[in-house]
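Reader: I have a structure open and would like to learn how to read its local features. Could you walk me through a few of them?

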Amino acid sequence: FMGVAEQMGRILARTAHSVNMKERLDFSCAVFDGTGSLVANAPHMPVHLGSMSDSVRAVLVAHPDLAAGDVVALNSPYAGGTHIPDITLVEPVFDTNQKRIFLVAARGHHADIGGIQPGSMPPFSTDISEEGVQFDAIKIVKNGVFDEALVRRILAQGPWPARNPDQNIADLKAQIAANQTGINALHEMMTEHGATLVNAYMGHIQDNAEAAVRAVIDRLSDGTAEIHMDTGAVIKVQITVDHKSRSAIVDFTGTSSMMPDNFNAPRSIAHAAVLYVFRCLANVDIPLNEGCLLPLDIRIPAHSLLDPDPPAAVVAGNVETSQHIVDALFLATHALAASQGTMNNFTFGNARYQYYETICGGAGASPNADGLSAVHTHMTNSAMTDVEVLETRFPVRVAAHEIRRGSGGDGYYRGGDGSRRKLIFLETMQVALLSSRRQTLAPGLDGGAWGMSGAAQVMYANGRTKKLTGCFQINVKAGDAVEIETPGGGGFGKQ
């Protein structure tokens with residue numbers, strides 16, 4: 001089943017048009033059972049994979065009559081999505097008796113989907129309408145026919161439409177190709193082994209994942225953690241273990257209320273973080289799937305940072321708040337010091353170009369190893385665009401990208417160091433950063449030192465420099481440069 005999802009990902013990367021999907025691999029593919037429960041994933045983006053079940057189930061509610069050859073697009077955060085740049089395409093798979101036995105889904109982060117900022121990651125949005133156009137479980141393929149006119153109408157809607165609809169459509173078609181690859185592979189699997197056996201093993205791997213997480217719970221003790229964010233919000237988590245039933249309560253009571261900024265995270269984000277952490281704690285080779293959640297009772301307070309009400313802005317919840325949830329969970333389980341706690345979402349663009357990337361930083365140290373330096377941590381798992389590709393496709397030059405030595409926290413095991421990245425722009429652009437851990441630090445564990453916070457500055461062509469905040473939006477001209485230093489991870493244990 002994981003092989004099916006991996007095949008889907010290879011096709012998506014090969015056929016996508018945007019740098020974000022083709023080079024940075026900012027997408028995820030997965031296989032679900034007929035009810036929308038996650039069966040298996042490719043090793044793509046944890047924040048995507050753990051939350052995609054909600055999207056698939058929302059599609060089934062909106063289209064209970066989903067037929068072979070139908071593809072539904074969804075990115076609405078309040079209808080099963082996460083944040084608007086992530087568009088999920090869902091397609092059913094039927095056996096020879098026309099029974100829906102699987103669903104496949106491909107989620108891709110589109111380089112621009114409209115909104116007030118090129119790149120669709122606005123640092124200062126306060127309403128969901130400012131973050132881009134929405135596909136609210138729209139059937140964009142019917143009986144195998146792509147409805148391009150419908151898609152273009154949606155991409156053109158609202159006061160801030162998508163800036164490059166041709167690229168959106170090319171990437172959507174790549175996602176459709178990925179889904180078709182998954183459908184073909186599943187049909188081949190059923191032809192070779194029989195639908196009954198394949199269906200049985202679909203259940204077996206979820207049962208196995210459940211058993212693996214119960215084994216984790218056997219080793220856990222109760223724990224609490226509190227993470228403070230740059231915005232002033234606080235994430236609190238308490239894990240209460242019941243060894244008799246081999247289950248645990250993961251309770252986020254005490255977390256801040258919904259915020260006026262865009263760091264709010266739909267409920268599916270917290271579920272994705274919990275799923276990811278407990279999958280990491282299971283020291284066995286299993287696919288991330290729904291079975292991991294069965295022993296866990298996840299409690300999220302309503303109207304909170306982790307369960308906002310529409311039309312609250314949420315673009316940073318998927319990329320930033322998710323990282324803080326993971327840090328809190330690892331601290332509460334005493335498994336890992338905090339990592340950089342951000343994806344360092346960097347966007348630039350104008351009418352012709354739109355680009356989005358996340359920048360690597362420091363990983364937290366564990367009880368038996370130093371944290372890695374200059375890596376994408378936890379809920380992100382994307383690549384950095386090759387310098388040659390970036391400089392060919394966009395009017396920029398990469399002046400520097402190096403490890404930020406000494407930014408990780410000291411300890412018996414050291415936290416990983418962040419990175420320093422400097423881009424020079426060759427024409428007028430809007431540039432923005434959406435990030436965290438610029439006011440706060442990555443907590444160490446067991447006496448380990450905390451990692452350094454991040455920083456940024458703009459260097460104008462006339463020689464003037466200006467320090468920038470963790471969330472900024474500026475205009476630059478040819479010859480101007482922006483330098484970003486990413487946070488380090490926390491250390492573990494005293495030296």
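Author: Happily! This is a predicted model, and a good place to begin is Glu 483, which sits in strand S20 (residues 481–485).

Reader: Is Glu 483 buried or exposed?

Author: The general idea is to compare the relative accessible area with a cut-off: under 20% counts as buried. Glu 483 has a relative accessible area of 10%, so it is buried.

Reader: Which side chain joins that of Glu 483 in a polar contact?

Author: For this we look at pairs of N or O atoms within 3.5 Å. Here the side chains of Glu 483 and Arg 420 are joined by a polar contact of 2.3 Å.

Reader: Which residues is Glu 483 in contact with, leaving aside its neighbours within four places in sequence?

Author: Arg 420 appears again, along with Arg 421 and Lys 422. The list also holds Ala 455, Ala 456, Gln 457 and Met 459. Strand S17 spans residues 455–459, which brings us to the sheet.

Reader: In what order do the five strands of the open sheet run?

Author: The order is S14-S15-S20-S17-S18, with antiparallel pairing.

Reader: Which strands stand at the edges, and why is one side of each left without a neighbour?

Author: The thing to look for is how many partners a strand has. Strand S14 (396–404) and strand S18 (465–468) are the edge strands; each has a single partner strand, so one of its sides has no neighbour in the sheet. On average, neighbouring strands of this sheet are turned by 15° against each other, direction ignored.

Reader: How many bridges are there between S17 and S18?

Author: S17 and S18 pair over four bridges, in the antiparallel sense. For one residue pair to look up, take Met 459, whose bridge partner in S18 is Thr 465.

Reader: Let's turn to the backbone. Which residues have a positive phi although they are not glycines?

Author: Arg 246 has a positive phi of about 55°, and Asp 446 also has a positive phi of about 55°. Arg 246 lies in the loop between strand S9 (234–242) and strand S10 (247–251), while Asp 446 lies in the loop between strand S16 (429–434) and S17. Arg 246 is partly exposed, at a relative accessible area of 31%; Asp 446 is partly exposed as well, at 42%.

Reader: And where is the cis peptide bond?

Author: Omega is the angle to check. The cis bond joins Pro 310 and Pro 311, with omega about 5°. Pro 311 belongs to the loop between strand S11 (296–299) and helix H9 (315–332).

Note on methods
Residues are numbered from 1 along each chain as its sequence is written. This is a predicted model: local features need pLDDT of at least 70, side-chain atom pairs count only at pLDDT 80 or more; totals for chains, interfaces and linings use all residues. Side-chain values use heavy atoms; hydrogens and water are left out. Two strands pair if DSSP finds at least two bridges between them. Helices (H or I, at least four residues) and strands (E, at least two) are DSSP runs, numbered from the N terminus. Axes are lines fitted to C-alpha atoms, for helices over the stretch in contact, and angles run from 0 to 180 degrees between N-to-C directions. Buried means under 20% relative accessible area, exposed over 50%, partly exposed in between (1.4 Å probe, protein chains only). A polar contact is a pair of N or O atoms within 3.5 Å; within protein, one must be able to donate a hydrogen and the other to accept it, and residues adjacent in sequence count only if both atoms are side-chain atoms. Contact means heavy atoms within 4.5 Å.
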